[in-house]
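Please take a moment with the sequence and the structure shown here before reading on. The paragraphs after it go from the whole chain to one small sheet and then to one residue.

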Amino acid sequence: MAFDRRAFMGASAATGAAVAMAGATSSPAAAAAAKSGARTYAFTVMGTTDLHGNVFNWDYFTDKEFDDKAHNDVGLAKISTLVEQVRTEKGRCNTLLIDAGDTIQGTQLSYYYAKVDPITARRGPVHPMAQAMNAIGYDAAALGNHEFNYGIPVLRKFEEQCDFPLLGANALDAKTMRPAFPPYSMHRLRTPHGRDVKVAVLGLTNPGIAIWDKANVQGKMTFPGLEEQAAKYVPRLRSMGADVVIVSAHSGSSGTSSYGDQLPYVENAAGLVAEQVPGIDAILVGHAHTEIPEYRVKNKATGKDVVLSEPLKWGQRLTLFDFELTWERGRWSVAKVSAKVLNSNTAAEDPKITGLLSDEHRKVVAYVNQVIGTSTQAMSSAEGPVKDVAIIDLINHVQAETVKAALAGSEWAALPVLSQASCFSRTAAIPAGQVTIRDAAGLYPFENTLEARLLTGAQLKDYLEYSARYFVQTAPGGVVDPAKLTNSESIPDYNYDAVYGLTYDIDIAQPVGSRITGLSFQGKPLDPAAQFVFAVNNYRASGGGAFPHVPKAKQLWANSDEIRNTIIQWVKAKGTVDPARFASVDWRLTRAGVPVF
């Protein structure tokens, strides 16, 4: 669907307009300006990002209130309370509320209304995230990459259900190369003197969508770089009279890309946008799942600071950008910008939001607690990052069995099937006794699907060496702290793969690239020329994590169903999960040949 600029321009004049009279809030800068006779105005832009389907302070995978070591809380119900506190303090007409993407994927609540009781059905429900964000009063949101996980029809329906625009200046229609979504929204804030302040919000999404959701977007949408599109739109917004330009970017600030050189566009480009594109006052940063209360980047052209802030994921934090403007020579100019974050664990859940969605919450809790089988013993992922544990073997076993069945009767049926999986959650667990949907789904919190690729023994060795970068180089003999062995170079757990079907050691005393020893298949050294079928998730197959060989390897088969559904259906079909039938210790950490554990 091409973006109709004329229709958008007509609508944007009314979008998010704040028209009530407001007095300027006081600050040292405002007081100084007042002394000099200058007129001043202050307003606040609040921001969230990476909400990932969290409305309630609830973990559907554990079926209890969310908690972590830092005692963070999650969800829009808590954010709503913080938002109302800020609006009460500042005056609602002196505030805006925006989001930086990844909204409709991540919890069983969001999954349920995409797949089980889909919003796309005739007379279907309104998505809980749309209901909550509408009730809270969001003014605009950028598109995240996970918005595309369920396909464009689900995203379009969600967009239709939102009372605010979903922005994506670099999400283009592949045929017309025009914006497929509104690139920006314009908001008016009424001031006690001078003309209204015009605040432009430019939305930018992640170029990695072209890789990660290739099946959903190929031939339909294309995603150029953030810097390029910001450079195109920011001058346009200024020429349209924007006094303040804010970018909502679903892109981290580090300047790095998980997909290496597969795309010419940087994944985490928010800092580059600030540095390279003049005319931006602040950037709400998303995607990286980190907390950055305030980060200043000097623009190369102007020498001015651009203020960046990234609130922590899932509604754990709310960013506040505080702007101070002065009225001089017939125009508003930004005198000062600062940013900070509020912690949602200081707030109670807003009963307006929890009451609004209580029925949806109950339906999903009932759904995830359906019993689908039994397990002969308890399994946990707690040690998954450093040990070959049964629960990761379960994922791999299901994937390998599924691929074998899919290739039965094909020319590839005689080849051995190997599989990759990561420790996606360190809190995943299968209890002894009854197994529910939430137990099985908790092993795989992402909407990845399964593929089969053709690899050689030599390519698999490269793959394993690359994966082993995850471990911190550790000299022989010293005391080992498991908590300090992993996540070298800030590599997340989901970018460390264990390969099922091979036997190998990872010597963490050795430098990166020389760690895999004793690599064997069925008791014999791995033949570099031998061919294998590799069961792999679509994220990895499409280049996620920049693992070698797989993206260019021959695709033998692909499935459209989520891997977690495949696991659920496998447990249902088997009835009993017995680790004795699939679990074995095939890889271990060593130092100079001596096992670490």
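What follows is a guided reading of this model, which is a predicted one.

Taken as a whole, the protein contains 17 helices and 31 strands. Its radius of gyration is 25 Å, close to the 25 Å that the globule rule gives for 597 residues, so the protein is as compact as a globular protein of that length. When the C-alpha trace is laid along its principal axes, the spans come to about 85 × 50 × 50 Å. Of the 597 residues, 59% are buried, and the protein exposes about 23200 Å², with carbon and sulfur atoms supplying 51% of that area. If one considers the contacts between residues at least 6 apart in sequence, 77% of them join residues at least 24 apart. The protein carries 58 positive and 60 negative charges, and the mean positions of these two sets are 5 Å apart.

From this overview, one can turn to a sheet. Three strands form an open sheet in the order β21-β17-β29, and the pairing within this sheet is mixed. Its edge strands are β21, covering residues 433–436, and β29, covering residues 576–577, each of which pairs on one side only. In general, the strands of a sheet pair through backbone hydrogen bonds, and they may do so either parallel or antiparallel. Here, β17 and β21 run antiparallel and are joined by 4 bridges, whereas strand β17, made of residues 371–375, pairs with β29 in the parallel sense over 2 bridges. Individual residues can be followed across these pairings: V371 has T436 in β21 as its bridge partner, while on the side of β29 the bridge partner of T374 is T576, and S375 stands opposite V577.

A last stop is a residue in a loop. Where does Y259 lie in the chain? Y259 is placed in the loop between β11, residues 244–249, and α10, residues 270–276. Is Y259 buried or exposed? With a relative accessible area of 0%, Y259 falls under the 20% limit for a buried residue, and it is therefore counted as buried. Leaving aside residues up to four places away in sequence, Y259 touches N206, P207, G208, I211, W212, Y265, V266, E267, G543 and A546. Y259 also shows how positions far along the chain can be brought together in space, since Y259 and G544 are 285 residues apart in sequence and 5.5 Å apart from C-alpha to C-alpha.

Technical notes: Residues numbered from 1 in each chain as written. Predicted model: local features only at pLDDT ≥ 70, side-chain atom pairs only at ≥ 80, totals over all residues. Heavy atoms only, no water. Rg over C-alpha atoms; globule rule 2.2 N^0.38 Å. Buried < 20%, exposed > 50% of the residue type's maximum accessible area, 1.4 Å probe, protein only. Contact = heavy atoms within 4.5 Å. Areas by Shrake-Rupley, 256 points an atom, 1.4 Å probe, with all protein chains shown as cover. Lys, Arg positive; Asp, Glu negative; His and termini not counted. Charge placed at Lys NZ, Arg CZ, Asp CG, Glu CD. Pairing = 2+ DSSP bridges.
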